[in-house]
Each structure stands twice: as C-alpha cells, then as structure tokens.
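Biologist: Could you take one part of this model and go through it closely, strand by strand, and then set it against the rest of the chain? I would like one connected account rather than a list.

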Amino acid sequence: MARHYTTRDFFRQMPNALLERHFKARGVLMNLDFAALPDTRPDELFAAWLALPDKERDIMDAEFKEVFDLGSEKGFRAILDESVFWFRDTPPLRAAFVEKLSGLPNHLERAMAVFLDHKELWRGASYFCHADSLSYWRKRKNLPQRPAALDHESRWQLAELLRQYFNQTEGRGRNCVVEVFRRSELDYFFAYPEDYSQNSVEWVEGEFKRRPHNPAFEVIYVYSEKDGTLDLNYRGGARSIEPLQGIFAQAILKLPQLPTDAGDDRVYDLTPLMSRDFRFVYQPAGGIQRVVLKKMRLSARHKRGSRITVEADTTINPFAVHDLVEEIGKSVPLKMYEVTQLELCASIQLDPKKAPKQASIRITHPNSCSLKYDELDNKLRAMLVASGIEPQIPQPSLSAEDTNEAAAE
C-alpha cells in the first residue's frame, strides 16, 4: 500500500507557514510572500520552485521525500520511539514534545515540525520507519540473554566481518559501515556494505549521462536481549542467513560460535480455508470491510513438486476460488493434496473521504507471511489471529492407542 510522492502534491498538503520556514532556512525564495499564497493551491509556489537551480531543488526534493515518508502513522510511531532515547533523562520535556506534536492536524505536519525543530531525532526515526516497512524477517531463537556490545570496536568488528564475508563469497562489500540505534528494549543494527559498481542513467546539471557509482545494500539486525532472539533482514540468498547470524553472534554477543537454532515450530493452519463455510473474523470499526480468498496453492502429499494453483476473480463472487477447486475435485483426488499457500485480498477503509484500499496477503506453509509490522499490516495480522489461522505450535499426532484412550475418556 505504497504512498506516491510528487513535489506539487507535497506543497498542496503542507501548510505554507511550514514550507516558508524550510525555504528560508535554505536561503531560497526569500522574496516570495508565503502569507499571501492560498493553502492547498501551490501554483505560484510550484512555478517559483521550478525556477530554482537544479542542485538546490535536488537537495530539497530529497528532504521533502523524507518528510513525506515519515508523514504517516508508521512514521509518527518511529518518531515517538526515537524520542524516548533523546529525552531519556528529561521525561517532562518528552511529554511536552509529544503533546506539541499531537496537537498538530496531521502526520505530515508532525514530520515537518520534527525535521525543522528536532533534527537529532530524524536519522533514527527514518531508520525505524524503514525497518517497519520491510517484510520476510528471519528469526533466530535460543541466543543467550546477554547485552549487545555497542562500543565502537564491536561495531567496527561487525562491519569488518561483513566486509570480509561478502568480499570473499560474492566479490562485493569492499567497504562497510554499521549504525546502531536503541528502540525500547531492542537494539537495531543497520549495516551497509558496498555493492557491485553500477552504471546509472541520470540527469546531471541538465545533461543526460550514464555514469558509474557504488551503491550500498543493507543487512539489518534487531536483537532482543530480553527474549534472546535475533531478527535478520537481508535480501539475498538463503545460504547467507546463518553465516550472517554467526557474524553478529561473534562481533556483538562475543560468542565463540552460533548456538543451535531452536527454529520456529509454529505453523499456519490453512486447511480450514478449503471450506467455503470459513469466515474471516474482524471488527468493521478497524477499517477492514471485506476479506476474500483469491488464490490457493495445493501440493501433493506424497509426490514432491506436484502442485495445483487455483486463482479466480472474486470481485463479484467471493467464493470463486472454492467453486474452481470443487470443479477440479471432480477429476483430481484432492485428499491427496494439502494447502501450502494462500493469497488473500482485504478491502480497508482508511479514509472515509477516499475509496477503500486493496491489500494483498500471501501466506505460505509453514510460517511465512508477506505482512509487515506497520499500522495497516498490524490490523491485518490481528484479523488473522481472530480468524484462527495465525501460526500455532503444532500438536504431536496421537497414536492409534492414544486416540482410543482419548475417545474412551
């Protein structure tokens, strides 16, 4: 459910008083009478903006995009979380800070106010907001509950081990930097190794050019001393997951080796969705208006790699997938198959003045889900919990003797 940024729309949504403060701090548009400009009608401001030199516009456009990204419920939560650290010794000042921001009309204005008046919060809040938007985290349990080493030497060691690993295995990662932030009881480590050189197509001072640059890719760790768990987000091959976890254990937890992985034994119970009688449970007050099954993957129980994927248009008929499955069942013994993946479509009303948004949820057996941990996806997770399909610890199967004894009781 990505939000789309344009400079004109940003000017339209942001009060002129805050825009004036930003431009004046940059020393541009000093002669523009912002007080005389009508709010929500940025034509004159946008024309003045286009007349600015490219270099100045590029810098400010990047800043506006950052403000836009944090101008949401997810961004505001990240700001509040980062403020706990900065006001840790002065709780009354944090209370005043939260009250001031809460009094503003919307999240976009709150983000701009923080950007202008509390730059010390900005970097950490931006990192947290970005991490909250990521999906497919890999969790490692069974770690000793010891404090993370946050000193400069340990952070340097983490960066150096990551640099060596990627340089030796993939030929990239010549340089690496690690930044650390504390969020409640969690320690966030954002590592940025150097990626392969790339030729980018871009405009440079009005000229169209193709030039090489060295981007960074990211490795993000979230460590919980309280739970003894490590969450890892890395968009790379699965074979790198355990080595990357081991690098963290060595550099930050000072462990000689990575403890045995306890694994995640929880599994999604997808079988009930085979029935058209299954109903999703949610409260309309939370904004969810409709949830339908739009895609189902069935895998053969005894023949590896044999699958049936069923997808249908549920715009009019919410049971279109079930209808199709029943048709397939007339010629295929469905008892020989089990549900291993589902794709749901949820209609969510976030703004009464706008049309409902459509959100897709992909759930894969045993315990993979495409949902993130932002405000919207947390509502959808709550729906999965209420509907009884959130991961549960699998129960051991009963032997025939145990089954008979249970029946007798």
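Modeller: Strand β4, which covers residues 198-204, pairs with β5 in the antiparallel sense, and seven bridges hold the two in register. In this predicted model, one of the pairings sets Asn-199 against Pro-212, its bridge partner in β5. The two strands form a hairpin with two residues between them, and Glu-205, in the turn, has a positive phi of about 50°. Strand β5 itself takes in residues 207-213, and Phe-208 is found there. Phe-208 has a relative accessible area of 55% and is classed as exposed, because the cut-off for that class is over 50%. The side chain does not stand alone at the surface, since Phe-208 joins Val-201 and Trp-203 in making a nonpolar surface patch of about 390 Å².

A second hairpin can be described in the same terms. Strands β2 (residues 176-183) and β3 (residues 186-193) run antiparallel and are joined by eight bridges, with Glu-179 standing opposite Phe-190 in β3. Here, too, two residues lie between the strands, and Ser-184 takes a positive phi near 55°. As general background, the strands of a sheet pair through backbone hydrogen bonds, either parallel or antiparallel.

Further along the chain, five strands form an open sheet in the order β9-β8-β10-β11-β12, with antiparallel pairing. Its edges are β9 (307-311) and β12 (368-369), each of which pairs on one side only. Within this sheet, β10 (residues 337-348) and β11 (residues 357-364) run antiparallel and are joined by eight bridges, and the bridge partner of Cys-345 is Ser-360 in β11. Strand β8 spans residues 288-300 and contains Ile-288. With a relative accessibility of 5%, Ile-288 counts as buried, because the limit for that class is under 20%. Ile-288 also brings together separate parts of the sequence: Met-383 is 95 residues away from Ile-288 along the chain, yet their C-alpha atoms are 8.7 Å apart in space.

The helical part offers another buried side chain to look at. His-322 is found in helix α11, which runs over residues 320-329, and its relative accessible area of 9% places His-322 among the buried residues. A polar atom of the His-322 side chain lies 3.4 Å from the backbone oxygen of Ser-275.

As for covalent cross-links, a disulfide is a bond of that kind between the sulfur atoms of two cysteines. The count of disulfides in the model comes to zero. Cys-129, for instance, is in no disulfide, and the nearest cysteine sulfur, belonging to Cys-369, is 19 Å away; that is outside the limit, because a disulfide requires the two sulfur atoms to be within 2.5 Å. Cys-129 is itself buried, with a relative accessible area of 6%.

To place these parts in the whole, the chain has 13 helices and twelve strands, and its C-alpha trace spans about 85 × 60 × 55 Å along the principal axes. Of the 409 residues in the chain, 42% are buried, and Ile-288, His-322 and Cys-129 belong to that group, whereas Phe-208 on β5 is exposed.

Technical notes:
Residues are numbered from 1 along each chain as its sequence is written. This is a predicted model: local features need pLDDT of at least 70, side-chain atom pairs count only at pLDDT 80 or more; totals for chains, interfaces and linings use all residues. Side-chain values use heavy atoms; hydrogens and water are left out. Patches are made of residues with over 30% relative accessible area and no salt bridge: like charges are joined within 9 Å, nonpolar side chains (Val, Leu, Ile, Met, Phe, Trp, Tyr) within 5 Å. Accessible areas come from the Shrake-Rupley method with a 1.4 Å probe; for residues, only the protein chains shown count as cover. A salt bridge is a side-chain nitrogen of Lys or Arg within 4 Å of a carboxyl oxygen of Asp or Glu. Helices (H or I, at least four residues) and strands (E, at least two) are DSSP runs, numbered from the N terminus. Buried means under 20% relative accessible area, exposed over 50%, partly exposed in between (1.4 Å probe, protein chains only). Two strands pair if DSSP finds at least two bridges between them. A polar contact is a pair of N or O atoms within 3.5 Å; within protein, one must be able to donate a hydrogen and the other to accept it, and residues adjacent in sequence count only if both atoms are side-chain atoms.
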